[in-house]
Amino acid sequence: MTEQAGAPGQAEGTVPPPARPTADMPHPQLAPLDVEILRWMGQDESIANIGARVGVSRRTILRRIQRLMTILGAVDRRELVAKATQQGLI
């Protein structure tokens, strides 16, 4: 019999639990770019300025904001910034 690679003590075929936020990884579903976008939003930067600062198009920023709103459960941009602040993301 061969031993399966995996985490010690983890039963074969099980999925590990989702990652928890840490200082290095503030939210498991957020990329560093997402956090940077949230930080600029928290400083009241325009979508165009955020795009120019991070080097992506305005459309990409808008799509990422929509995704962030879904992940954090926000209904608008103001609530998105508030939730990101509450969770220590910005």
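**Notebook: helix packing and two single residues**

I began with Asp34, which is found in helix H1. The model I consulted is a predicted one.

**Entry 1. Asp34**

I looked up whether Asp34 is buried or exposed. The relative accessible area of Asp34 is 0%, and because buried means under 20%, Asp34 is buried. I then looked for a partner of the Asp34 side chain, and found a polar contact of 2.8 Å that joins it to the side chain of Arg67. I also listed what Asp34 touches, leaving aside its neighbours within four places in sequence: Gln29, Arg64, Arg67 and Leu68 are in contact with Asp34. Arg67 thus appears in my notes both in the polar contact and in the contact list.

**Entry 2. The buried residues of H1**

I asked which residues of H1 are buried. They are Asp34, Val35, Ile37, Leu38, Trp40 and Met41. For their cover I noted that it includes H2, H3 and H4. After H1 I recorded Asp44, whose phi is positive, near 65°.

**Entry 3. H1 against H2**

I next took the helix pairs in turn. Two packed helices are described by the angle between their axes and the distance between the axes. For H1 (residues 32-42) and H2 (residues 47-54), I noted that the axes come within 10 Å and cross at roughly 135°. H1 and H2 are therefore oblique to each other, and I recorded their crossing as right-handed. On the H1 side, the contact is made by Leu33, Glu36, Ile37, Trp40 and Met41; on the H2 side, by Ile50, Arg53 and Val54. I sorted the residues of this contact into six nonpolar, no polar and two charged. Ile37, Trp40 and Met41 of this contact I had already entered among the buried residues of H1.

**Entry 4. H2 against H3**

How do the axes of H2 and H3 cross? I noted roughly 105° for H2 and H3 (residues 58-72), whose axes come within 8 Å. Because angles of 65 to 115 degrees count as roughly perpendicular, I described H2 and H3 as roughly perpendicular to each other. H2 contributes Ile47, Ile50, Gly51 and Val54 to the contact, and H3 contributes Arg58, Ile61, Leu62 and Ile65. The residues of the contact of H2 with H3 divide into six nonpolar, one polar and one charged. I noted that Ile50 and Val54 of H2 take part here and also in the contact with H1.

**Entry 5. H3 against H4**

I turned last among the pairs to H3 and H4 (residues 77-86), which pack at an angle of about 60° with their axes 10 Å apart. H3 and H4 are therefore oblique to each other, and I recorded the crossing as left-handed. From H3, I listed Leu62, Ile65, Leu68, Met69 and Leu72, which meet Arg77, Leu80, Lys83 and Ala84 in H4. The residues of this contact divide into seven nonpolar, no polar and two charged. Leu62 and Ile65 of H3 meet H4 here and belong also to the contact with H2. Leu68, in this H3 list, is also one of the residues in contact with Asp34.

**Entry 6. Gln87**

I closed with Gln87, which lies in the segment after H4. Its relative accessibility is 41%, so Gln87 counts as partly exposed. I also looked up the separation between the C-alpha atoms of Gln87 and Leu72: these residues are 15 apart along the chain, and the atoms are separated by 9.3 Å. Leu72 is also among the residues of H3 that meet H4.

Conventions
Residues are numbered from 1 along each chain as its sequence is written. This is a predicted model: local features need pLDDT of at least 70, side-chain atom pairs count only at pLDDT 80 or more; totals for chains, interfaces and linings use all residues. Side-chain values use heavy atoms; hydrogens and water are left out. Axes are lines fitted to C-alpha atoms, for helices over the stretch in contact, and angles run from 0 to 180 degrees between N-to-C directions. Helices (H or I, at least four residues) and strands (E, at least two) are DSSP runs, numbered from the N terminus. Angles under 35 degrees count as roughly parallel, over 145 as roughly antiparallel, 65 to 115 as roughly perpendicular and the rest as oblique. A crossing is left-handed if the near helix is turned anticlockwise from the far one by less than a right angle, and right-handed if clockwise. Contact means heavy atoms within 4.5 Å. Ala, Val, Leu, Ile, Met, Phe, Trp, Tyr, Cys and Pro count as nonpolar, Asp, Glu, Lys and Arg as charged, and the others, Gly among them, as polar. Buried means under 20% relative accessible area, exposed over 50%, partly exposed in between (1.4 Å probe, protein chains only). A polar contact is a pair of N or O atoms within 3.5 Å; within protein, one must be able to donate a hydrogen and the other to accept it, and residues adjacent in sequence count only if both atoms are side-chain atoms.
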